[in-house]
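Here's a quick briefing on how two chains meet in one structure. Have the viewer open while you read.

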2 protein chains.
Amino acid sequence: MKIVLIGAGNLATNLGKALSRAGHDIAQVYSRTEESAKTLALALKCPYTIQPTEVLKSADVYVISVKDTAIQSVAYALCEGREGQLFVHTAGSISVDILPTVRRGVFYPMQTFSKQKEVDFSIVPCFVEAQNDSDLQLLKDLAGTISDTVYEMNSENRQYLHLAAVFCCNFANHCYTLGAQLLKEHGDIPFSVMRPLIDETASKLYTLSPKEAQTGPAVRWDTNVIDKQLQLLDGKPEWQMIYKMLSESIHANS
Amino acid sequence: MKIVLIGAGNLATNLGKALSRAGHDIAQVYSRTEESAKTLALALKCPYTIQPTEVLKSADVYVISVKDTAIQSVAYALCEGREGQLFVHTAGSISVDILPTVRRGVFYPMQTFSKQKEVDFSIVPCFVEAQNDSDLQLLKDLAGTISDTVYEMNSENRQYLHLAAVFCCNFANHCYTLGAQLLKEHGDIPFSVMRPLIDETASKLYTLSPKEAQTGPAVRWDTNVIDKQLQLLDGKPEWQMIYKMLSESIHANS
């Protein structure tokens, strides 16, 4: 398919590379920042522009992959003169209706993207949505060329999916950050010692539900350990609050 | 080495199997529950007892692997008549001084153990502590036969290590539980769609620190998304609180 890529951040970069590898024609990259547009265009061996007026007038799909707060203004700037074209955005938490075109859709690859680490797209579940059947089929087909897992999902449910992803990814990762900080402050042990524990916690989910897999003082409601650990966090009232809320929530769920 | 295993729970079972495979002589299993003592003894092809008086009078090391609150009473019941022997417990958050013997120590394998899933012990970091150099060396040697990563660590620092493990394992896992619950309530998508995201979040730690790896609305301090997601959690005040505390903590740490 002939694709115009709008944006050149982490997700746009990872997605562009995956689409390009799958044999699609990335016809152009557009970004408001020349440097990032240039970098991505170079990687994809395609032209780029930083002028909305110079964006191609037709393509099979325009993929808007910019930060959430910029989607609307970018879409408005580009849809003029391209009214019949299919525009999609890639944001998990944003409704399809933020796009002003009749042919609008969503192409949400649910993964955590960092510039420093390339992602294997084949295992990234992609959630697609469109306003008519043919556009939906087009997006499903497109997603199927880079991912083994494609779901249709409407904007309402996708909001909850994205919220679930925030818990499973961002919040879990923040628990690692707090653990890393504790290790750094006490003893001289590298954070790498935590990796087997973290990997095992993640890998348990292939055989158990997270609820079944839970271990530790909170699920046992071992108040001796819980009270002692709260004391260890003296001087960090926010951490104590997080510890308390999560422990009580584990207990309530068990 | 000649080892007496005190306890027959998840950790005792996993540890006993690893020690046995490494060629040690598990001379006896003791547990207060006949059924679990029998099951483990059968798996290890060794004798068992449920009578403290029948526990062997000498061994290279007695490994007490029972729940935290039972360590002290079990140790008191067994040390009589075995005063010169080396007793160790396997609990991350408990001081070595809970043991009444002169030769006392800790052998803490930091991992999350479920009965349903066997663990590869070679990658489990083991933290050892003892009261004299020869016992310390003995524990280091013993740990070295089953694990590639052995550290000496005192009880004070081990408390913080265990607290860090609670964050990295139990609390991260609870974030998965909440994510799973959200998925279940909205749309008809299996929790397995979250695995690539969860795996990637864990595997990023091989190249980035968790702080560097953070993504999502909180680290961007995208208050549009944050406020909207708080609204999605209407009717779940504890979840809202957890969402708020963790998002603010991510923001404060970034």
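In this predicted model, 82 residues of chain A are in contact with 81 residues of chain B. The points below go through that interface, then the symmetry, then the core.

**What chain A brings to the interface**
- On the side of chain A that touches chain B, at least two residues each come from α5 (155–185), α6 (195–203), α7 (210–213), α8 (217–220), α9 (223–232) and α10 (237–253) of chain A.
- α5(A) hands over the largest share of that side, at 24 residues.
- By residue type, the side of chain A that touches chain B splits into 46 nonpolar, 26 polar and 10 charged.

**How the copies are related**
- Chain A lands on chain B after a rotation of 180° with 0.0 Å of shift along the axis, and the RMSD is 0.1 Å.
- The two copies are therefore related as by a two-fold rotation axis.
- Looking for the axis in chain A? The C-alpha of A172(A) is the nearest one in that chain, 2.1 Å from the axis.
- The copies meet through the same surface, because 99% of the interface residues of chain A are also interface residues in chain B.

**The nonpolar core**
- The largest nonpolar core counts 172 residues, and C168(A) and C168(B) touch the most other members.
- Leaving out residues up to four places away in sequence, C168(B) touches C175(A), Y176(A), G179(A), M194(A), L197(A) and I198(A).
- As general background, nonpolar side chains tend to be buried together in soluble globular proteins.

Definitions and conventions: Residues are numbered from 1 along each chain as its sequence is written. Chains are lettered from A and ligands numbered from 1 in the order in which they are written. This is a predicted model: local features need pLDDT of at least 70, side-chain atom pairs count only at pLDDT 80 or more; totals for chains, interfaces and linings use all residues. A nonpolar core is a set of buried Ala, Val, Leu, Ile, Met, Phe, Trp, Tyr and Cys residues joined through C-beta atoms within 7 Å. A residue is buried if 20 or more other C-beta atoms lie within 10 Å of its own, exposed if 12 or fewer, and partly exposed in between; C-beta atoms are placed from the backbone. Two residues are in contact if their C-beta atoms, placed from the backbone, lie within 7 Å. Helices (H or I, at least four residues) and strands (E, at least two) are DSSP runs, numbered from the N terminus. Ala, Val, Leu, Ile, Met, Phe, Trp, Tyr, Cys and Pro count as nonpolar, Asp, Glu, Lys and Arg as charged, and the others, Gly among them, as polar. Copies are superposed by least squares on the C-alpha atoms of residues with pLDDT of at least 70 in both.
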